[in-house]
Amino acid sequence: MAKTYNVAVVGAGSLVGEAILDVLEKRKFPIGKIYALEFETDGEQYVDFGNKTLDIESVEDFDFASVQLALFASTESVAADYVPKAVAAGCIVIDDSACFRFDADVP
């Protein structure tokens, strides 16, 4: 059985977030479970992922320990608050914002 990864996309409802989901699906990234997250959500938001529709959940209540990879397509303030939490939970994080641009510890 091939290894799969649980993935969180923060900012999934944005254009960049939707593009990330599209690339993951088209490239057939080995996803076990995928989570679509936003900072502010009214609970009535959805995004397409292949032939599935994902409910967009709140990043504020999300447990990053449930994923191995977190992809951030969010604002700098959201990244500043939640990237450290994702890293502390053991996630590999890719952040699209400029938040950590000048951090010497971030390649």
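**Group meeting: a loop, a helix, aromatic rings and two cysteines**

Lys28 is located in the loop that joins H1 to E2; helices (H or I, at least four residues) and strands (E, at least two) are DSSP runs, numbered from the N terminus. Before I continue, please note that this is a predicted model, in which local features need pLDDT of at least 70 and side-chain atom pairs count only at pLDDT 80 or more, while totals for chains, interfaces and linings use all residues. Residues are numbered from 1 along each chain as its sequence is written, and side-chain values use heavy atoms, with hydrogens and water left out.

I return to Lys28. Its phi is near 55°, a positive value in a residue other than glycine. With a relative accessible area of 68%, Lys28 is exposed. The terms here are as follows: buried means under 20% relative accessible area, exposed over 50%, and partly exposed in between, with a 1.4 Å probe and protein chains only.

Lys28 comes just after H1, and that helix is my next topic. Does the span of the 12 residues of H1 agree or disagree with 1.5 Å a residue? The expected span is 1.5 Å times one less than the number of residues. For H1 this should be 16 Å, and the end C-alpha atoms are 16 Å apart, which agrees.

Which residues of H1 are buried? They are Gly17, Leu21 and Leu24. These residues cover an arc of only 65° around the axis, so they are on the same side of H1; the arc is that of the directions from the helix axis to the C-beta atoms. As background, an α-helix has 3.6 residues a turn, so residues three or four places apart point the same way. The buried residues of H1 pack against E1, E2, strand E3 (46–49), strand E4 (52–58) and strand E5 (69–72). On the other side of H1, Leu15 and Lys26 are exposed.

I turn to the aromatic rings. A pair of aromatic rings is described by the distance of the centres and the angle of the planes. Rings of Phe, Tyr and Trp (its six-membered ring) pair if their centres lie within 6.5 Å; planes under 30 degrees apart count as stacked, over 60 as edge-to-face and the rest as tilted. How many aromatic pairs does the structure hold? There are five. One of them, formed by Tyr5 and Phe29, is tilted, at 5.9 Å centre to centre and 40° between the planes. This pair links distant parts of the chain, 24 residues apart: Tyr5 is in strand E1 (residues 5–10), and Phe29 is in the loop between helix H1 (15–26) and strand E2 (31–38). Tyr5 counts as partly exposed, at 30% relative accessibility, and Phe29 is partly exposed at 31%.

Phe62 and Phe64 make an edge-to-face pair, because their ring centres are 5.1 Å apart and their planes stand at 80°. Both of these residues are buried. Phe62 and Phe64 also belong to one aromatic cluster with Tyr35 and Phe72. Over the face of Tyr35 lies Lys33, at 5.1 Å from the ring centre. A charge sits over a ring if NZ of Lys or CZ of Arg is within 6 Å of the ring centre and within 35 degrees of the ring normal.

Glu38 has its place in strand E2. At 17% relative accessibility, Glu38 counts as buried. Not counting residues up to four places away in sequence, Glu38 touches several residues, among them Gly11, Ser14, Ile56 and Val59; contact means heavy atoms within 4.5 Å.

Ser74 provides a second buried example, at 18% relative accessibility. Ser74 lies in the loop between E5 and helix H2 (76–88), and its contacts, leaving aside neighbours within four places in sequence, are Val10, Ala79 and Ser97. By contrast, Ile92, in strand E6 (residues 92–95), counts as exposed at 58%. With the same neighbours left aside, Ile92 is in contact with Gln68, Leu69 and Ala70.

I close with the cysteines. A disulfide is a covalent bond between the sulfur atoms of two cysteines. Here the rule is a pair of cysteine sulfur atoms within 2.5 Å, and by it the count is zero. Why is Cys91 without such a bond? The closest cysteine sulfur, in Cys99, is 16 Å from that of Cys91, which is too far. Cys91 is buried, with a relative accessible area of 7%, whereas Cys99 is partly exposed, at 26%.
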